[in-house]
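Biologist: Could you take a close look at one aromatic part of this model and walk me through how its rings are arranged?

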Amino acid sequence: MTGNVTILGSGSALPTFQNSPSGQLLTLGDKSFLIDCGEGIQLTMRQMAVKTGRLYSVFISHLHGDHCFGLIGLISTLSMMKRLQPLHIYAHPDLEKLLRPQLDYHCQELSFEVIFHAINPRKQEVIFEDRTVTVETVPLKHKVPTCGFLFFEHHRKLNAETGEFYHESRKRYAYISDTMYSEKIIPQVEGVDMLFHESTYTEEYNDRCKGTMHSTAKQAAAIAKAANVKSLLIGHFSARVDDHQQFLHEAQEVFPNTQLAVERTTIEF
């Protein structure tokens, strides 16, 4: 089976005419998952006629505004669209503390339930699992507690010899949000079908990575090469760089099978 990811936002903290803040819609089988929700993400979803009926869960990598400021607007809009099924949000426990007062004030008559699931971004663990999909956290190095997410699509099969069921892995997608270069993630993302890795800077701005705790496109490519992934997707582009082809060229020098996370496109893997 194929999976696909729709790029809703691929910029960093400062929005530009080219890019909105972070947001991706991952589809595996008959399920859709929203990964991060920066300001304006719901507008892009509507412009692309994204169907929200299959949107079951939202995964927030960390609580910097460019990754979560769009949530309250999205929730409000889903209610106006008469959504009935609960919306599950997986994030650092502080998100509920921040969002609950907004929900109580602005969304007093929600048509559905918002269910928060507190996660520990500093710990590698399974945070979601059902019959066909498992989601695991990937601890990262950033200014605030941050994690990526590893999505496994699997199929439940019966072992003829033991009579026990097991999960046969199919598609795997890794989302590596804001982080400085860290080889610790390599074993966890080894061999995934597609790796999204933040690539905030080109080599020209490499000296900013330590202070901001971000990565360059070339560093993202080094992770992809070391982890032997099938394909690399790069995004979270700094507003300092107008020509995104610079990110692509620098990454492809290290890992040729790299592509840009171009907004309003859907990429199969």
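**The rings around Phe-128**

Modeller: Phe-33 and Phe-128 are both buried (under 20% relative accessible area, with over 50% being exposed and values in between partly exposed, for a 1.4 Å probe and protein chains only). The model is predicted, so local features need pLDDT of at least 70 and side-chain atom pairs count only at pLDDT 80 or more, while totals for chains, interfaces and linings use all residues. Residues are numbered from 1 along each chain as its sequence is written, and side-chain values use heavy atoms, leaving out hydrogens and water.

Across the structure there are 13 aromatic pairs (rings of Phe, Tyr and Trp, for Trp the six-membered ring, with centres within 6.5 Å; planes under 30 degrees apart are stacked, over 60 edge-to-face and the rest tilted). Phe-33 and Phe-128 make an edge-to-face pair, because their ring centres are 5.8 Å apart and their planes stand at 70°. Since Phe-33 belongs to strand E3 (residues 31–37) and Phe-128 to strand E7 (residues 126–129), this pair ties together parts that lie 95 residues apart in sequence (strands are DSSP runs of E, at least two residues, numbered from the N terminus).

Phe-128 also forms an edge-to-face pair with Tyr-90, at 6.1 Å centre to centre and with 85° between the planes. This pair, too, links distant parts of the chain, as Tyr-90 sits in strand E5 (residues 87–91) and Phe-128 in strand E7, 38 residues apart; Tyr-90 is buried, like Phe-128.

Taken together, Phe-33, Tyr-90 and Phe-128 are among the members of one aromatic cluster, which also includes Tyr-56, Phe-59, Phe-149 and Phe-151.

Conventions
Helix = DSSP H or I, 4+ residues; strand = E, 2+ residues; numbered from the N terminus.
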